[in-house]
Amino acid sequence: MAKARSPGATGRKPPPRHRGAASRMPAFQHSLPMLLLWAREAVMQRFRPELNARGMTDQQWRIIRALIEVESCEICELSARCCIHAASLSRILPKLAADGIISRCPNEKDQRRVVVSLTADGRRLFESGIAASNRIYAQLASDIGAHRVEHVTAMLECLISALDAEGTGKAIAPAARSARKRKT
């Protein structure tokens, strides 16, 4: 599989990080949001062929992946866990329900709220993808080094935690939030 090239990996000297003394804004290819997006896309290019072969989108897999770790959760929590806007979830969940992957039911205490969980078929679908996912992770570790994968993961967790210094929880996923609470 061809390795994704990072911007500036052409051997040419990268342009200066700041253009003009007054601007102090990083060049586009050095802006943190773009670097994070490009990194995400480079990683997802490794996983997407497997997802496509199984007839799934990135978002559908994120939903399954998030639900495998909990018995059930409300749509708002699922939205936060998956970084998928609730309005987008409202378009994705009916297809997963129709395919028998998830079930949706009203919250017992508040009928306006919907609780989502994986069905047995959804759990089997997840289980059937573990081997391929592990192969992709192993190839990624082989290509860039297991230590780099671990380092990037740790640095991203630190970044997310630091951006949530006020403790609002808005900047971090629930799993990261609970891990941070255990450390303190």
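**A buried arginine, the α2 helix and the nonpolar core**

A polar contact of 2.7 Å links the side chain of Arg-48 to the side chain of Asp-58. The model in which this pair occurs is a predicted one. Arg-48 belongs to helix α1, and its relative accessibility of 19% falls under the 20% limit, so the residue counts as buried. Apart from neighbours within four places in sequence, the contacts of Arg-48 are with Arg-40, Glu-41 and Asp-58.

Asp-58 is itself one of the buried residues of helix α2. This helix is mostly covered, with 7 of its 10 residues buried. Besides Asp-58, the buried set comprises Gln-60, Trp-61, Ile-63, Ile-64, Ala-66 and Leu-67.

Several of these positions recur in the hydrophobic interior. The largest nonpolar core contains 26 residues, and Ile-63, Ile-64, Leu-67, Leu-78, Leu-93 and Ile-102 have the most contacts inside it. At least two core residues come from each of α1 (32–53), α2 (58–67), α3 (75–82), α4, β3 and α5 (120–144). The greatest contribution is that of α2, which provides 5 residues. In soluble globular proteins, nonpolar side chains tend to be buried together. When residues up to four places away in sequence are not counted, Leu-67 touches Cys-73, Leu-78, Ile-102, Val-116, Ser-117, Leu-118 and Arg-123.

Some of the partners of Leu-67 lie in the β-sheet. The sheet is open and consists of 3 strands in the order β1-β3-β2, with antiparallel pairing. The edge positions are taken by β1 (73–74) and β2 (102–106); each has a single partner strand, so one side of each lacks a neighbour in the sheet. Strand β1 is joined by 2 bridges to β3 (residues 114–118), and the two run antiparallel. Within this pairing, Cys-73 has Val-116 of β3 as its bridge partner. Helix α4 (residues 86–98) packs on the sheet through contacts with β2 and β3, and the direction of α4 makes about 115° with that of β2. Both Cys-73 and Val-116 are also among the residues touched by Leu-67.

Confidence varies along the model. The protein chain has an average pLDDT of 85, and 77% of the residues score at least 70. Residues 179–184 have pLDDT below 50, and this stretch makes 4 contacts in the model beyond near neighbours in sequence.

Technical notes: Residues numbered from 1 in each chain as written. Predicted model: local features only at pLDDT ≥ 70, side-chain atom pairs only at ≥ 80, totals over all residues. Heavy atoms only, no water. Pairing = 2+ DSSP bridges. Helix = DSSP H or I, 4+ residues; strand = E, 2+ residues; numbered from the N terminus. Contact = heavy atoms within 4.5 Å. Axes fitted to C-alpha atoms, helices over the stretch in contact; angles between N-to-C directions. Core = buried A, V, L, I, M, F, W, Y, C linked by side-chain atoms within 4.5 Å. Buried < 20%, exposed > 50% of the residue type's maximum accessible area, 1.4 Å probe, protein only. pLDDT = per-residue confidence, 0-100. Polar contact = N/O pair within 3.5 Å; in protein donor to acceptor, adjacent residues only side chain to side chain.
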